[in-house]
Amino acid sequence: MSHKPRVLVTIPMFAEVLTALAERFEVDAPCGTATPIDWTADSLAARAQGAAGLLVAGSPRIDAALLAAAPSLRAVCSMAVGHNNIDLPACTAAGVLVSNAPDVLTETTADFGFALMMATARRIAESEHFLRAGRWTHWAYDMFAGADVHGATLGVLGMGRIGQAIARRGALGFGMPVIYHNRSRLDGAIEQQLGARWVDKATLLREADHLVIVVPYSPASHHLVAAADLALMKPSATLTNIARGGVVDDAALAQALRARTIAAAGLDVFEGEPSVHPDLLTVPNVVMTPHIASASLRTRRAMADLAAANLAAALSGQQPPTALNPQVLPLRPA
Ligand code: 8YV
């Protein structure tokens, strides 16, 4: 009887994806379709014993200690584009293939980033709470008056695939002049197509009416937007973060919002999520969502399918579609 390699699915997963994986693998899916697990380093290492592959998302943390504790691992495939939870050099050193799930989530995530920016600028959440609380009794010319989005300057921090998709929405759909800051400049033809202008970070912060943060998280981008950066922004400006919590100093942001040195913020990601900085919970001018920017069912399914395809390819000696360290191929046998 042929022996199927074991894969551990660390997150709740679509039933159809589990069924497809089961054709090739012995599938260990302790979360089933709906029960998330708060993994600790120890519980994950124990459960990963003997597994050849892991299917993960933006968590849990995959590091050298886990790889040492579970030496059978050969592939770690994530259904997230951001892979700051995975120690890529450690995986590469251990000969473990890592993949992420780019592209399939770009447009859905950009839709959400734009929606969150609009909700922030036009005070949609704040005014809905007001209505639900039964406080709507009269009309006033300045009732929940916010900032215009159309024609305002869109600032994009991090001009990768999602940043470009947001810039396109702003430029083509809303007539927004677009400025951006990124370590590397876009190709001139793409800049022209997006009508986007590269500026240094300080200029971006000073000139943006609506700043959208889409930069990957790494030690280099930790608190890329901190108190001194927030101080450069216009008092009428909004800040939207759909990147990772650690990119913005949440305590400094809460202070800026309370002091109204910026007008409002839209946050889908938080330092230490799912915990949210208590100061953010007490300021009214922030719209907060629980890290759902990629959450349309169609996109989440495409992300899961891509992670499963990476796992299947990696463990059968083929080229995974979106490998981050293809230099480890071919993998050592199970
Ligand atoms: C995911 C994300 O929902 O892809 C990413 O990097 O942040 C989100 O799309 C999350 O990481 C879980 O998959």
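A residue is called buried if 20 or more other C-beta atoms lie within 10 Å of its own, exposed if 12 or fewer do, and partly exposed in between. Phe-144 has 13 C-beta neighbours inside 10 Å, and it therefore counts as partly exposed. This residue belongs to the loop between helix H6 (124–132) and strand E6 (154–157), and its phi is positive, about 50°, although it is not a glycine. The structure in which we read these values is a predicted model.

Asp-103 offers a second case of this kind, since it too is not a glycine and yet has a positive phi, of about 70°. It is found in the loop between strand E5 (97–99) and H5, and because it has 14 C-beta neighbours inside 10 Å, Asp-103 counts as partly exposed.

We can now turn to the chain as a whole. The domain assignment divides it into domain 1, made of 6–102 + 296–328, and domain 2, made of 106–288, and the C-alpha centres of domain 1 and domain 2 lie 31 Å apart. Where the two meet, five residues of domain 1 are in contact with six residues of domain 2, and the side of domain 1 that touches domain 2 consists of one nonpolar, four polar and no charged residues.

The UniProt record, in an unreviewed entry, gives its own bounds: it lists residues 114–293 as "domain: D-isomer specific 2-hydroxyacid dehydrogenase NAD-binding". Over residues 114–293 the chain is 35% helix and 14% strand, with the end C-alpha atoms 10 Å apart.

What lies inside the protein? In soluble globular proteins, nonpolar side chains tend to be buried together. Here the largest nonpolar core has 55 residues, of which Val-156, Ile-166, Val-178, Leu-211, Ile-213 and Val-214 touch the most other members. Helix H5 (residues 106–121) gives the most to this core, with seven residues. Apart from this core lies another, of 49 residues, which includes Leu-21, Ala-57, Ala-80 and Val-98. Ile-213 shows how distant parts of the sequence can meet, for if its neighbours within four places in sequence are left aside, its contacts are Leu-157, Gly-158, Val-225, Thr-240, Asn-241, Ala-243, Val-247 and Val-248.

Helix H5 also holds Met-117, which counts as buried because it has 25 C-beta neighbours inside 10 Å. Not counting residues up to four places away in sequence, Met-117 touches His-210, Val-212, Thr-238, Thr-240 and Gly-266. Met-117 and Leu-88, by contrast, are 29 residues apart in sequence and 32 Å apart in space, C-alpha to C-alpha.

Arg-260 makes a useful counterpart to Met-117, because with 12 C-beta neighbours inside 10 Å Arg-260 counts as exposed. Its place is in the loop between helix H11 (250–259) and strand E11 (264–267), and its C-alpha atom is separated by 8.5 Å from that of Ser-236, 24 residues apart along the chain.

Two details of the backbone deserve a careful look. The peptide bond from Glu-273 to Pro-274 is cis, with omega near 10°, and Pro-274 is found in the loop between E11 and helix H12 (278–281). A cis peptide bond also joins Leu-329 and Pro-330, with omega about -10°, and Pro-330 is found in the segment after helix H13 (297–315).

Finally, which residues are around the ligand? They are Ala-57, Gly-58, Met-79, Ala-80, Val-81, Gly-82, Leu-105 and Ser-294, and by class this shell has five nonpolar, three polar and no charged residues.

Methods. Residues are numbered from 1 along each chain as its sequence is written. This is a predicted model: local features need pLDDT of at least 70, side-chain atom pairs count only at pLDDT 80 or more; totals for chains, interfaces and linings use all residues. A residue is near a molecule or strand if its C-beta atom, placed from the backbone, lies within 6 Å of it. Ala, Val, Leu, Ile, Met, Phe, Trp, Tyr, Cys and Pro count as nonpolar, Asp, Glu, Lys and Arg as charged, and the others, Gly among them, as polar. A nonpolar core is a set of buried Ala, Val, Leu, Ile, Met, Phe, Trp, Tyr and Cys residues joined through C-beta atoms within 7 Å. Helices (H or I, at least four residues) and strands (E, at least two) are DSSP runs, numbered from the N terminus. Two residues are in contact if their C-beta atoms, placed from the backbone, lie within 7 Å. UniProt positions are given in the numbering used here, feature names are shortened, and annotations may be inferred rather than shown by experiment. Domain bounds come from an automatic or database domain assignment.
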